Amino acid sequence: MIIKIRNNFRQQKHLVPGADGKMHLVVSPAPKLRFAPRTAQQAAAAAAPAVPTAQVQQTRVMRKVSRDTPPNIPFLRFESIVGRGGMAVVWRAWHREFNRPVAVKVLDAKFAATGQDVRQFMMEVRTMSNLHHQGIVQGYGADFADGRYYFIMDYVDGYTFGSLLNRKTHIPEIDVLIVGESVADAMKYAWDVFGVVHCDLKPENIMVDRDGTIKVTDLGLCQSTAAIQNKEQPDEVVGTPAYISPEQIYGDVDLDCRADIYCLGASLYHMATGRMLFPLADNDAILRAHVSEKIQAPDPRFVVPTLSEGFARLVSNMCVKDRDLRYQTWDEVFNDARAVEEGGLPTLHAPEAVSSIQVQ
Ligand SMILES: Nc1ncnc2c1ncn2[C@@H]1O[C@H](COP(=O)(O)OP(=O)(O)O)[C@@H](O)[C@H]1O
Ligand SMILES: [Mg+2]
């Protein structure tokens with residue numbers, strides 16, 4: 001499926017499903033003038049399909065290793081698969097030196113063939129290893145072994161809110177507010193201290209530990225302001241359609257904490273109602289709904305009438321399409337979530353992002 005998202009003079013944007021199962025926004029460059037090849041050799045080279053060297057290597061490696069076979073790493077005893085994503089498999093393993101269980105994220109061999117995937121994987125590892133916060137899963141560096149890249153992180157003995165939503169219709173407001181506060185506190189640290197934007201906050205990437213600690217995981221799409229500086233508009237933008245912010249859809253390069261605030265707002269809405277902001281049939285329609293000022297999700301109280309007015313206003317403030325009118329800092333989100341938890345109302349009066357008109 002190829003969908004044109006936005007046209008401008010120089011670029012065309014198309015949404016294409018990627019090998020990792022996520023939608024990629026591909027920006028086609030402006031058409032270039034083509035010159036007729038001058039020599040017979042050049043003509044033959046131009047006519048031949050580009051030799052996908054990486055792909056050839058990739059096929060060779062893939063035949064040897066299935067993603068469900070762990071790499072052979074002497075100090076790790078792989079026990080079971082705990083998560084399977086588009087590009088990697090997460091294992092629970094026993095670390096013989098740490099003498100405790102760890103989670104090991106192993107990048108599929110086929111993605112080790114492309115520099116961009118490895119660079120992003122290393123960015124994820126570096127970020128998870130540099131951030132030290134109880135609300136973010138701790139990483140311990142990466143390595144390459146047995147033909148695959150992997151990294152080690154603390155094992156979270158618990159579950160994701162995505163898996164919880166598969167079992168329950170929705171989650172009680174008080175629990176959702178605690179998730180909101182915990183994630184806001186963790187992401188405030190990541191943003192204020194390191195300039196990190198997660199870019200893929202969603203129920204599947206928020207876990208709860210055995211003792212009830214909320215932990216953000218999967219910084220696989222994260223960006224940092226250091227890398228954003230001097231960055232050109234990306235060739236492709238990756239995200240999860242259900243929770244992605246409008247500015248990510250537009251391929252903006254200067255993402256900041258407000259993009260994550262939108263993703264978290266969409267996640268809290270889903271958790272409290274059991275319904276996504278825009279539960280539409282196809283990804284194109286979902287992305288259009290995120291960016292269109294004319295399309296609003298219903299007030300969450302239409303879905304779950306027991307939700308408070310404060311909660312409805314909080315998620316509405318978080319999901320304002322224009323980021324300049326949304327919450328501007330994680331502190332504001334945290335303080336307003338706290339106020340709602342205590343029975344009050346948010347202080348921010350952003351234009352309503354949820355519709356108070358009930359659609360039958
Ligand atoms: N540190 C961890 N401890 C336990 N389970 C984890 C941990 N990290 C990830 N998982 C599980 O693995 C799944 C996939 O991991 P994630 O990092 O989100 O990969 P992907 O980028 O493929 O989505 C998560 O949804 C979660 O169920
Ligand atoms: Mg994930």
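This report walks through a predicted model, from its confidence to its ligand shell and a few single residues.

**How far to trust the model**

Let us start with confidence. The chain has a mean pLDDT of 84, and 78% of its residues reach 70 or more. Two stretches call for some care. Over residues 1–14 the pLDDT is below 50, and this stretch has 29 contacts in the model beyond near neighbours in sequence. Residues 27–63 also have a pLDDT below 50, here with 24 contacts beyond near neighbours in sequence. Where pLDDT is low, the predicted coordinates should not be read in detail.

**Around ligand 1**

Now to the ligand. There are 20 residues around ligand 1, and those that come nearest are G83, G85, A103, V156 and D218. Four strands give two or more residues each to this shell: β4 (76–84), β5 (88–95), β6 (100–107) and β8 (148–154). By character, the shell divides into nine nonpolar, seven polar and four charged residues. Both domain 1 (53–154) and domain 2 (158–341) take part, each supplying at least three residues to the shell around ligand 1.

**A look at L107**

Strand β6 also holds L107. Is L107 buried or exposed? L107 is buried, because 25 other C-beta atoms lie within 10 Å, and the cut-off for a buried residue is 20 or more. Leaving aside neighbours within four places in sequence, L107 is in contact with M87, A88, A112, F121, R148, Y149 and Y150. As for D117, ten residues away from L107 along the chain, the C-alpha atoms of the two are separated by 9.1 Å.

**Two residues with positive phi**

Most residues other than glycine have a negative phi. Here are two residues with a positive value, side by side.

| Residue | Phi | Loop | C-beta neighbours inside 10 Å |
|---|---|---|---|
| D146 | near 55° | between β7 (139–145) and β8 | 14 |
| C199 | about 75° | between β10 (196–197) and β11 (206–208) | 21 |

Why does D146 count as partly exposed? D146 has 14 C-beta neighbours inside 10 Å, and a residue is partly exposed when its count falls between the limits of 12 or fewer for exposed and 20 or more for buried. C199, in contrast, counts as buried because it has 21 such neighbours inside 10 Å. If you would like to find these residues in the structure, look for D146 in the loop that leads from β7 to β8, and for C199 in the loop between β10 and β11.

Note on methods: Residues are numbered from 1 along each chain as its sequence is written. Chains are lettered from A and ligands numbered from 1 in the order in which they are written. This is a predicted model: local features need pLDDT of at least 70, side-chain atom pairs count only at pLDDT 80 or more; totals for chains, interfaces and linings use all residues. pLDDT is the predictor's confidence in each residue, from 0 to 100. Two residues are in contact if their C-beta atoms, placed from the backbone, lie within 7 Å. A residue is near a molecule or strand if its C-beta atom, placed from the backbone, lies within 6 Å of it. Ala, Val, Leu, Ile, Met, Phe, Trp, Tyr, Cys and Pro count as nonpolar, Asp, Glu, Lys and Arg as charged, and the others, Gly among them, as polar. Domain bounds come from an automatic or database domain assignment.
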